[in-house]
Amino acid sequence: MTRDPRETNLAVSATNRAAIYEEHGGPEVIQIKDLATPKKEDLQPGEALVRTLFTGVCHSDLHALNGDWPFPTKLPLVGGHEGAGVVVALGPGADEWVKIGDRVGIKWVANTCFKCDYCLDGHDASCAEYKPSGYAVDGTFQQYTRHAARYLTRIPDGISLEASSSILCAGVTIYRAIKEANLRAGQWIVIPGSGGGLGHLGVQYARYAGYRVIGIDTGEEKRKLSLDLGCEAFVDFKTSSNVAEEIKAVTGGLGAHAAAVAAASAKAYELALTYIRPRGTLVIVGMPVATLPLDIFMTVALAHRIVGSAVGSRRDANEALDIAAQGKVRVVYQLKGLSDLPDVFRDMSEGKITGRVVLDLDK
Ligand SMILES: [Zn+2]
Ligand SMILES: [Zn+2]
């Protein structure tokens with residue numbers, strides 16, 4: 001595994017290059033600016049300063065930019081929540097959790113209360129006090145990110161920082177969603193968006209768990225990627241005359257045992273209810289602001305289970321990274337620079353991204 005030479009440079013620069021915006025809007029409101037780097041003496045008890053080298057770009061970052069989710073973001077905001085870097089400074093007491101020079105990741109959940117029932121059970125995103133990175137607190141679209149030391153994720157040796165960044169949100173989120181389906185090895189799971197950021201990782205985590213996977217996506221590039229990563233069958237939703245019938249044919253007539261749907265379009269969720277089998281599970285993990293029309297009679301008759309799944313716990317993150325570090329999950333990403341962020345959001349809005357985009361924060 002190749003190390004980035006910057007990982008061992010623990011000097012702290014006075015300037016902190018960041019992508020920041022003062023109001024919601026499209027990609028044009030983003031400003032790339034040099035901010036002042038927080039000083040060691042400014043760090044709060046339990047806080048660490050991370051030299052963020054890489055960050056992924058997630059669909060949630062686009063919602064934070066547009067301001068179209070029901071919960072307001074802080075403003076001005078530095079977005080981003082898939083950051084990977086090294087610890088370069090510690091506030092009082094933070095050394096209980098991490099040391100200078102540790103390779104660490106920053107996730108969507110920036111901090112929780114650590115003591116409520118949800119926190120104790122590892123349902124971090126259900127904690128009433130949880131704060132999201134790049135939303136309620138400044139995130140990883142910057143070279144230096146302050147963060148609660150106890151909520152940083154250790155990045156194992158077997159994975160590069162740039163590849164690990166995509167695991168920290170996309171990987172963890174789909175890994176947990178697949179767990180929520182409660183499948184046994186040999187059962188069928190459908191992953192819509194199998195050529196996309198969450199989906200391509202989901203295909204591999206599902207294969208790792210021994211499930212049989214059907215991908216749904218569109219276009220030759222995403223079909224090839226889905227099959228290469230372990231899908232036994234692929235359905236192109238744009239050219240298929242009947243997605244549900246194709247899935248039922250592949251699964252011996254009954255349909256899949258589960259679907260983990262991360263799509264941005266509401267239609268994908270409705271469609272999933274037509275191809276999961278009786279007693280099958282629909283795991284909802286994407287977050288379009290939309291409603292799902294539900295046939296109550298058929299939901300009971302087919303004994304369908306419909307569950308929401310929000311990101312994952314600290315333990316899920318450790319497991320998802322560990323599996324990737326063993327070489328069992330390949331992260332497909334394009335490496336770009338922070339200055340490309342507005343264009344990345346444009347491509348994302350148009351559904352043009354295969355795999356994930358990772359930004360080098362120095363470029
Ligand atoms: Zn995310
Ligand atoms: Zn809590």
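How much space lies in the second largest pocket? About 440 Å³. Keep in mind that this is a predicted model. Besides that pocket, here's a quick tour of a six-stranded open sheet, two helices that pack on this sheet, and a pair of helices whose axes cross at roughly 105 degrees.

**The second largest pocket**

- The lining is made up of 20 residues, and the ones closest to the pocket's centre are Glu 47, Val 137, Arg 146, His 147 and Ala 148.
- Three strands each chip in with at least two lining residues: S2 (31–36), S6 (109–111) and S8 (144–148).
- Strand S8 gives the most, with five residues.
- Sort the lining by character and you get nine nonpolar, six polar and five charged residues.

**The six-stranded sheet**

- Reading across the open sheet, the strands come in the order S12-S11-S10-S13-S14-S15, and their pairing is parallel.
- The edges belong to S12 (233–236) and S15 (305–308); each has a single partner strand, so one side of each is left without a neighbour in the sheet.
- On average, neighbouring strands here are turned by 20 degrees against each other, ignoring direction.
- Want a spot to zoom in on? Try S11 (residues 212–217), which runs parallel to S12 and is joined to S12 by four bridges.
- For Ile 214, the bridge partner in S12 is Ala 233.

**Helices packed on the sheet**

- Helix H5 (residues 220–228) packs on the sheet and touches S11 and S12. The direction of H5 makes about 160 degrees with that of S12.
- Helix H7 (residues 267–275) packs on the sheet too, touching S10 (188–192), S11, S13 (256–261), S14 (276–284) and S15. The direction of H7 makes about 155 degrees with that of S14.

**Where H1 meets H10**

- When two helices pack, they're described by the angle between their axes and the distance between the axes.
- For helix H1 (residues 59–66) and helix H10 (residues 341–349), the axes come within 10 Å and cross at roughly 105 degrees.
- Since angles of 65 to 115 degrees count as roughly perpendicular, that label fits H1 and H10.
- On the H1 side, the residues in this contact are His 59, Asp 61, Leu 62 and Leu 65. They meet Phe 345, Met 348 and Ser 349 of H10.
- By character, the residues of this contact split into four nonpolar, two polar and one charged.

Note on methods
Residues are numbered from 1 along each chain as its sequence is written. Chains are lettered from A and ligands numbered from 1 in the order in which they are written. This is a predicted model: local features need pLDDT of at least 70, side-chain atom pairs count only at pLDDT 80 or more; totals for chains, interfaces and linings use all residues. Side-chain values use heavy atoms; hydrogens and water are left out. Two strands pair if DSSP finds at least two bridges between them. Axes are lines fitted to C-alpha atoms, for helices over the stretch in contact, and angles run from 0 to 180 degrees between N-to-C directions. Contact means heavy atoms within 4.5 Å. On a 1 Å grid over the protein atoms alone, a cavity is a set of points where a 1.4 Å probe fits but cannot get out, and a pocket is an open set with protein on both sides within 12 Å along at least five of seven lines; lining residues have an atom within 4 Å of a point. Grid points are joined across faces, edges and corners, and a volume is the space filled by probe spheres set on the points. Ala, Val, Leu, Ile, Met, Phe, Trp, Tyr, Cys and Pro count as nonpolar, Asp, Glu, Lys and Arg as charged, and the others, Gly among them, as polar. Angles under 35 degrees count as roughly parallel, over 145 as roughly antiparallel, 65 to 115 as roughly perpendicular and the rest as oblique.
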